[in-house]
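Visitor: Before we begin, I would like each label you use to be set against the cut-off behind it. Could you take me through the reasoning step by step?

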Amino acid sequence: MFEYIGEMSKDYIYAVTPLLEDAMMDRDLVHRQTAMTAIGHMSLGVFGFGCEDALTHLLNHVWPNIFETSPHVIQAFISAIEGLRVGLGPGRVFFYGLQGLFHPARRVRDVYWKVYNTLYIGAQDSLVSAYPRIVDDSIRTTIDETELLKKRIEKPRNDYARYELDYIL
């Protein structure tokens with residue numbers, strides 16, 4: 001239904017959220033698959049209407065299905081994530097996926113990298129503001145300027161940083 005009504009989804013999102021929430025907690029794969037497909041279409045329909053609270057709540061119910069093995073459920077999960085990427089923004093979904101990108105288990109990493117690659121293909125320019133700042137750990141804070149100058153003469157470092165995003169964030 002949400003695939004066809006588009007913008008009218010904003011009128012029904014708060015009424016349907018408990019139904020989708022219940023379907024997402026069901027043990028049956030078909031119920032979760034159908035709910036994730038509906039969430040994907042609904043989140044595309046409510047983009048820009050201020051329904052991010054309901055979409056975040058639904059994302060919290062969609063995300064535990066990241067490790068499903070059924071191909072149809074995987075496809076519905078990716079569909080829901082792509083819809084939520086548009087509805088919530090890629091940064092919010094990226095923060096959910098950041099936790100598993102460098103997990104010790106290969107199976108966990110594979111799934112999370114698949115989600116990240118989907119995000120990257122869909123919104124690579126918007127992800128720049130969500131990337132975490134990684135401090136260069138080779139920089140040693142010193143007070144002695146002669147030692148700092150001596151270090152720079154001996155071995156030049158690449159400690160280039162762009163500070164444009166610091167003003168925005």
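Visitor: Why is Gly-87 called buried or exposed, whichever applies?

Guide: This is a predicted model, and in it Gly-87 has a relative accessible area of 6%. Buried means under 20%, so at 6% Gly-87 is called buried. Gly-87 lies in helix H5, and, leaving aside neighbours within four places in sequence, Gly-87 is in contact with Ser-43, Phe-47, Glu-52 and Leu-55. Gly-87 and Leu-55 are 32 residues apart in sequence, while their C-alpha atoms are 7.4 Å apart in space.

Visitor: What makes the pair of Glu-68 and Arg-32 a salt bridge?

Guide: Their side chains meet at 2.7 Å, N to O, and the cut-off for a salt bridge is 4 Å, so the pair of Glu-68 and Arg-32 qualifies. Glu-68 lies in the loop between H4 and H5 and Arg-32 in helix H3, so the salt bridge ties together parts that are 36 residues apart in sequence.

Visitor: How do you know whether Glu-68 is buried or partly exposed, and what of Arg-32?

Guide: Glu-68 has a relative accessible area of 23%, and since buried requires a value under 20% and exposed one over 50%, Glu-68 is partly exposed. Arg-32, at 11% relative accessibility, counts as buried.

Visitor: How many salt bridges does the structure hold?

Guide: The structure holds 2 salt bridges, and one of them joins the side chains of Asp-110 and Arg-106 at 3.0 Å, N to O. Asp-110 and Arg-106 both lie in helix H7, 4 residues apart, about one turn of the helix. Arg-106, at 56% relative accessibility, counts as exposed because the cut-off is over 50%, whereas Asp-110, with a relative accessible area of 41%, is partly exposed.

Visitor: How do you know that Arg-85 has no salt bridge?

Guide: The nearest side chain of opposite charge is that of Glu-82, 5.6 Å away, and because a salt bridge has to be within 4 Å, that distance does not qualify. Arg-85, found in helix H5, is nevertheless buried, and its side chain reaches the backbone oxygen of Gly-122 at 3.3 Å. Not counting residues up to four places away in sequence, Arg-85 touches Pro-90, Val-93, Leu-119, Gly-122 and Ala-123.

Visitor: Why is the pair of Phe-94 and Tyr-116 called tilted?

Guide: The ring centres of Phe-94 and Tyr-116 are 5.9 Å apart and the planes stand at 50°; since planes under 30 degrees apart count as stacked and over 60 as edge-to-face, the pair is tilted. The pair links distant parts of the chain, with Phe-94 in helix H6 and Tyr-116 in helix H7, 22 residues apart.

Visitor: What makes the pair of Trp-113 and Tyr-116 edge-to-face?

Guide: Their planes are at 85°, over the cut-off of 60, and their centres are 5.3 Å apart, so Trp-113 and Tyr-116 form an edge-to-face pair. Tyr-116 is buried, with a relative accessible area of 14%, and Trp-113 is partly exposed, with 32%.

Visitor: Which residues touch the most other members of the largest nonpolar core?

Guide: Of the 38 residues in that core, Leu-20, Met-36, Val-62, Trp-63, Phe-77 and Ile-81 do so. H5 gives the most to this core, with 8 residues. Leaving aside neighbours within four places in sequence, Phe-77 is in contact with Met-36, Val-62, Trp-63, Asn-65, Ile-66 and Val-115.

Conventions: Residues numbered from 1 in each chain as written. Predicted model: local features only at pLDDT ≥ 70, side-chain atom pairs only at ≥ 80, totals over all residues. Heavy atoms only, no water. Core = buried A, V, L, I, M, F, W, Y, C linked by side-chain atoms within 4.5 Å. Buried < 20%, exposed > 50% of the residue type's maximum accessible area, 1.4 Å probe, protein only. Helix = DSSP H or I, 4+ residues; strand = E, 2+ residues; numbered from the N terminus. Contact = heavy atoms within 4.5 Å. Lys, Arg positive; Asp, Glu negative; His and termini not counted. Polar contact = N/O pair within 3.5 Å; in protein donor to acceptor, adjacent residues only side chain to side chain. Phe/Tyr/Trp six-rings, centres within 6.5 Å; stacked < 30°, edge-to-face > 60°.
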